[in-house]
Amino acid sequence: MEGTKPHAALLASPGMGHLIPVLELGKRLITHHGFQVTVFVVATEVSPAQSLLLQQATTPHLPNLVSLPVVNDSILVDPEASVLEQLLSMVRGSLPRLRSAISAMKVPPTVLIVDMFGLEAFKIANEFEMLKYVYITSNAWFLAFTAYLPVLDKLVETKCSDLQEPTRIPGCKPLWVEHVFEPVLDIKNEMYHAYMRMAVEITMADGVLVNTWENLEHPTLAAMRDDKLLGQIVKAPVYPVGPLTRPIEPTDSENGVLDWLGMQPSESVIYVSFGSGGTLSAKQTTELAWGLELSRQNFVWVIRPPMDDDAAAALFTSADGRDGIAEYLPDGFLERTKKVGCVVPMWAPQAQILGHPSVGGFITHCGWNSTLESMVNGVPMIAWPLYAEQKMNAVMLTEELGVAIRPNVFPTKGVVGREEIATMVRRLMEDSEGNAIRAKVKELKYSAEKALSKGGSSYTSLSHVVMDCQMMSR
Ligand code: UDP
């Protein structure tokens with residue numbers, strides 16, 4: 001085997017938020033660490049809106065991209081099932097195809113790397129005697145919380161959300177229940193049990209990769225390496241390998257947004273986007289429109305029809321979302337803001353936008369990929385979490401790192417009013433407070449670059465994985 005490249009099989013569960021970091025990990029293993037990589041993408045029937053997203057995810061640097069159709073689609077259509085349950089059953093439904101794809105290979109890959117929702121595929125790695133790694137596409141704090149759930153489970157009788165005191169996970173800042181995604185805390189909820197299972201499955205891994213870097217979350221990572229602290233819970237060695245984000249590649253700028261940005265002054269534009277699927281209520285959409293207008297700042301807004309407006313929501317699934325925008329925005333908004341604003345329906349080339357010199361702020365739902373993309377481009381944020389672990393991310397960005405401000409009340413608890421939005425945008429874009437935040441995020445940008453460069457902490461972490469794989473290949 002000596003001289004042959006180690007072969008990594010990567011499994012990406014559905015959703016752009018998983019696919020993007022898995023692809024970036026694959027590219028990095030190829031370009032910096034001499035791997036052969038096959039990425040298996042769990043695919044299912046996609047809506048027109050999703051297929052638009054997938055088109056944007058073309059991957060010229062990855063030689064082997066294998067789509068894994070889900071074997072039994074009927075398991076997907078339970079409309080009562082939570083998004084997480086649907087996701088897990090899609091992965092489950094794709095496993096027979098993964099097994100046959102691997103058994104058709106002359107030599108099985110050395111290692112199987114799955115994201116957190118692909119842990120069930122570990123049994124296939126066992127069958128073929130492959131190493132098995134999980135890649136947490138979020139941060140170390142979230143990994144710590146997930147791994148700690150079985151400990152919390154022993155402490156509470158009915159609901160973790162009944163806990164009056166913040167949870168003190170070693171190496172982490174105290175975690176208040178209001179900052180955790182609710183269903184994960186309710187033992188009657190299916191999601192609670194799914195996360196508990198994942199917590200156990202993570203301990204079976206030969207290694208845990210995390211899309212973070214040493215300097216960003218040192219105390220948490222150090223606690224994970226300490227057998228008296230989190231090390232005894234996580235068990236597997238933890239490797240911070242990030243931030244792995246999409247590079248800024250040339251685009252045909254289908255929306256004209258990059259051309260528009262090219263005409264704006266440096267750091268003058270606030271970019272507004274809620275991830276690959278985030279939507280706001282009709283009321284919140286109206287307030288956000290007014291808030292942006294009142295702020296008198298330049299903006300790019302990736303807009304989606306409000307999901308609680310049936311007529312508008314139909315646009316989300318039936319078209320590219322361009323039609324009918326004016327109907328769910330305040331009267332005359334597009335006309336009044338046409339000189340200062342660029343409204344992009346549904347999907348925008350976010351990596352390019354955040355890397356553009358005209359962009360000086362980001363209203364973000366705090367999805368971890370968006371957060372990292374903002375940090376690596378030195379763009380300060382307004383934290384507007386919606387679901388999953390985003391409230392925890394928002395707390396980290398505001399209270400721990402000081403690279404974001406956030407509304408007084410989390411948007412999940414009510415509507416953020418236009419005045420508050422306008423004030424936050426001006427604080428970030430115009431005030432000295434914004435300058436201080438900008439300086440901090442720029443420090444993170446340099447720290448991230450250092451971590452990824454040869455000899456840096458993330459580079460070295462991934463080299464350890466390479467060594468494990470080389471030992472296995474011998
Ligand atoms: N994204 C994009 N254009 C959009 C919306 C999202 O390119 O209009 C990308 C974004 O750059 C990020 C990913 O989709 O890489 C979203 O991942 P994130 O973890 O931020 O949020 P999620 O979509 O998983 O909630």
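Colleague: What makes strand β11 count as mostly covered?

Modeller: In this predicted model, six of the six residues of β11 (359-364) are buried. A residue is called buried if 20 or more other C-beta atoms lie within 10 Å of its own.

Colleague: How do you know that β11 pairs with β8, and in which sense?

Modeller: Two strands pair if there are at least two bridges between them. β8 (269-273) and β11 share five bridges, in the parallel sense, so the pairing criterion of at least two is met. Within that pair, I270 stands opposite G361 of β11.

Colleague: What joins β11 to β12?

Modeller: Three bridges join β11 to β12 (381-383), and these strands run parallel. Three bridges satisfy the cut-off of at least two, so β11 and β12 are a pair. Here I363 stands opposite I382 of β12. Between the two strands the chain crosses through α14, giving a β-α-β crossover that is right-handed.

Colleague: Why is that crossover called right-handed?

Modeller: The term applies because, with the strands pointing away from the viewer, the path from the first strand over the helix to the second runs clockwise. In this model the path goes from β11 through α14 to β12.

Colleague: Which strands form the open sheet, and in what order?

Modeller: Six strands form it, in the order β10-β9-β8-β11-β12-β13, with parallel pairing.

Colleague: What makes β10 and β13 the edge strands?

Modeller: β10 (341-345) and β13 (404-405) each pair on one side only.

Colleague: α14 was part of the crossover. What does α14 give to the shell around the ligand?

Modeller: α14 gives the most to that shell, with four residues. The shell has 18 residues, and the closest to the ligand are G17, G275, S276, G367 and S370. The elements that give two or more residues are α1 (16-33), α13 (350-354) and α14 (368-376).

Colleague: How does the shell divide by class?

Modeller: There are 10 polar residues, seven nonpolar and one charged. Gly counts as polar in this scheme.

Colleague: Why is Y135 called buried?

Modeller: Y135 has 26 C-beta neighbours inside 10 Å. The cut-off is 20 or more, so Y135 counts as buried. Y135 sits in strand β5 (131-136). Leaving aside neighbours within four places in sequence, Y135 is in contact with V22, L25, I113, V114, D115 and L209.

Colleague: How far is Y135 from Q36?

Modeller: Their C-alpha atoms are separated by 18 Å, and the two residues are 99 apart along the chain.

Colleague: Why is M90 called buried?

Modeller: With 21 C-beta neighbours inside 10 Å, M90 meets the cut-off of 20 or more, so M90 is buried. M90 belongs to helix α3 (83-103). In space M90 is 8.1 Å from A43, C-alpha to C-alpha, although 47 residues separate them in sequence.

Colleague: Why is E267 called partly exposed rather than buried?

Modeller: E267 has 19 C-beta neighbours inside 10 Å. Buried needs 20 or more and exposed needs 12 or fewer, so a count of 19 falls in between. E267 lies in the loop between α9 and β8, and phi of E267 is near 50°, a positive value in a residue other than glycine.

Colleague: What about R296: which exposure class does this residue fall into, and why?

Modeller: R296 has 13 other C-beta atoms within 10 Å. Exposed is kept for 12 or fewer, so R296 counts as partly exposed. R296 lies in the loop between α10 (282-295) and β9 (298-303). Phi of R296 is near 60°, also positive in a residue other than glycine.

Colleague: What makes the peptide bond from G242 to P243 cis?

Modeller: Omega for that bond is near 0°. P243 lies in the loop between β7 (238-240) and α9 (257-262).

Colleague: Which residues have the most contacts inside the largest nonpolar core?

Modeller: They are L10, L112, Y133, V134, A144, V208 and V300, in a core of 134 residues. Helix α5 (140-155) gives the most to this core, with eight residues. Beyond four places in sequence, L10 is in contact with V22, L25, G26, V37, V39, F40 and I113.

Note on methods:
Residues are numbered from 1 along each chain as its sequence is written. This is a predicted model: local features need pLDDT of at least 70, side-chain atom pairs count only at pLDDT 80 or more; totals for chains, interfaces and linings use all residues. A nonpolar core is a set of buried Ala, Val, Leu, Ile, Met, Phe, Trp, Tyr and Cys residues joined through C-beta atoms within 7 Å. Two residues are in contact if their C-beta atoms, placed from the backbone, lie within 7 Å. A residue is near a molecule or strand if its C-beta atom, placed from the backbone, lies within 6 Å of it.
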